[in-house]
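Student: I should like to learn how to read the features of a protein model. Could you take me through one, step by step?

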Amino acid sequence: MTSKQRKYRVLIAYNDPDKKNGDNLDYISEAAVKTEADNIYKAVLKLDHIPGYLPVSNIEKDIQKVKEFAPDMIFNLCEGYRGDAHHEMHIAGFWELLGIPYTGNTPLTLGLAQNKVLAKKLFESKKIPTPMYQVYSETPKHTYLNYPLIAKPAREDASIGITQRSIIHNFEELSKVVAELLKRYKQPVLVEKFIQGREFNVSVLGNNPAKVLPVSEINFAELEAEHHHITSYEAKWLPHHPLFQKTPAVCPADISQDLRQRLADVTLQVYHLLMGRDYGRVDIRVDSSGRIYVLEFNPNPDISMDAGFANAVKAAGMKYREFVDFVINQTMNRMAHD
């Protein structure tokens with residue numbers, strides 16, 4: 001069965017942005033999911049299915065809305081619940097409990113990937129290269145890492161908590177930055193060896209087999225000398241910010257076949273290790289000697305039409321609508337074989 005043989009009722013679920021956090025800069029990435037939902041809605045409509053919106057904000061009321069719409073499947077874009085990204089896995093678990101087919105990654109994969117420290121331990125267990133690190137639950141008293149370092153919240157995504165100040169050159173900076181992150185995000189802080197070099201985003205589509213899409217590279221060439229070569233929150237989510245404008249993604253990346261193959265190989269290792277499903281993205285740094293370091297796996301990344309994943313889909317020769325159709329087919333075929 002394909003999506004062209006039958007009309008499906010597709011309920012597009014997304015986390016209703018918590019307007020209480022409207023003055024918080026981190027709110028921007030949360031609110032962007034509505035654009036993503038609009039893009040999917042239009043694509044589903046063009047595919048001759050029946051789309052509906054479900055802004056998730058109140059579980060009891062949301063259950064009633066699901067019953068009223070009676071979806072054949074849910075296109076799951078939820079990245080949290082009521083402003084808390086830690087609930088991303090729980091919302092996917094909600095669809096599991098309701099017994100409704102849903103797109104994207106499972107609760108287990110979402111939870112593993114969001115817990116950056118646990119994910120790194122899994123990488124290490126399979127000898128997947130990742131930067132050396134320490135985890136702090138209080139202000140540091142020492143470090144065994146060599147500078148420069150980078151600090152980030154241990155259980156966030158979307159570059160939340162990462163700014164130009166996240167790069168650390170001495171112990172005084174380490175203590176100050178970690179203390180600030182602990183106070184603001186109320187969770188452990190992951191401090192890694194900062195890998196100076198190139199940054200790549202490698203997207204994956206599908207399941208059996210999973211396919212690596214054309215590699216994307218963040219171009220840091222236009223940054224001023226005083227700016228660190230990182231994808232900070234500003235560079236990712238603030239279109240009018242100079243850091244956003246001067247760090248464009250280039251897809252496909254201009255790289256050798258050898259590097260392309262090595263990036264693809266390690267990406268699939270990560271995808272399969274964390275049990276990726278339908279689609280995902282692996283973020284990687286490569287140093288001046290060509291050594292690869294996996295930073296993290298991003299399950300259910302932003303798939304709006306102007307996002308990096310959609311650019312990789314386009315570079316692979318697939319139209320956006322075809323991508324959405326592919327994901328719908330994966331979801332419904334999975335249900336047919338369960």
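Tutor: Please bear in mind that this is a predicted model. Let us begin with strand pairing: strand β1 (residues 9–15) pairs with β3 over four bridges, in the parallel sense. Within the two strands, I12 of β1 has F75 in β3 opposite to it.

Student: To what sheet do β1 and β3 belong, and in what order do its strands lie?

Tutor: They belong to an open sheet of three strands, ordered β2-β1-β3, with parallel pairing. Its edge strands are β2 (50–56) and β3 (73–76), each of which pairs on one side only. On average, neighbouring strands in this sheet are turned by 30 degrees against each other, direction ignored.

Student: Which helix lies across β1 and β2?

Tutor: Helix α3 (residues 59–69) does, running at about 175 degrees to β2. In the loop between α3 and β3 lies A70.

Student: How should one read the backbone at such a residue?

Tutor: Most residues other than glycine have a negative phi, and most peptide bonds are trans. A70 has a positive phi, near 50 degrees, although it is a residue other than glycine.

Student: Where are cis peptide bonds found in this model?

Tutor: One is the bond from Y147 to P148, with omega near 0 degrees; P148 lies in the loop between β4 and β5. Another joins N208 and P209, with omega about 5 degrees, and P209 lies in the loop between β8 (197–205) and β9 (211–212).

Student: What is the strand order of the sheet that contains β4 and β5?

Tutor: That open sheet has four strands in the order β4-β7-β5-β6, and the pairing is antiparallel. The edge strands are β4 (133–136) and β6 (167–168), each pairing on one side only. Strand β5 (residues 149–153) is joined to β6 by two bridges, and I150 stands opposite I167 in β6.

Student: Which helices pack on this sheet?

Tutor: Helix α6 (residues 116–125) packs on the sheet and touches β4, β5 and β7 (189–193), its direction making about 150 degrees with that of β4. Helix α7 (residues 171–185) also packs on the sheet; α7 touches β4, β5, β6 and β7, and its direction makes about 10 degrees with that of β5.

Student: How does one describe two helices that pack against each other?

Tutor: Two packed helices are described by the angle between their axes and the distance between the axes. Here the axes of helix α4 (residues 88–98) and helix α5 (residues 107–114) come within 8 Å and cross at roughly 175 degrees. An angle over 145 degrees counts as roughly antiparallel, so α4 is roughly antiparallel to α5.

Student: Which residues make the contact between α4 and α5?

Tutor: From α4 come E88, M89, A92, G93 and E96, and from α5 come P107, L110, G111 and Q114. By class, the contact has four nonpolar, three polar and two charged residues.

Student: How many cavities of 30 Å³ or more does a search of the whole structure find?

Tutor: The search finds three. The largest cavity has a volume of about 60 Å³.

Student: Which residues line the largest cavity?

Tutor: Its lining consists of E88, L110, A113, Q114, D157, E296, F297, N298 and P299. Both α5 and β13 (292–299) supply at least two residues of this lining, and the largest share, four residues, comes from β13. The lining divides into four nonpolar, two polar and three charged residues.

Technical notes. Residues numbered from 1 in each chain as written. Predicted model: local features only at pLDDT ≥ 70, side-chain atom pairs only at ≥ 80, totals over all residues. Heavy atoms only, no water. Pairing = 2+ DSSP bridges. Contact = heavy atoms within 4.5 Å. Axes fitted to C-alpha atoms, helices over the stretch in contact; angles between N-to-C directions. Parallel < 35°, antiparallel > 145°, perpendicular 65-115°, else oblique. Nonpolar A, V, L, I, M, F, W, Y, C, P; charged D, E, K, R; others polar. 1 Å grid on protein atoms, 1.4 Å probe; cavity = no way out; pocket = protein on both sides within 12 Å on 5 of 7 lines; lining within 4 Å. Points joined across faces, edges and corners; volume = space filled by probe spheres on them.
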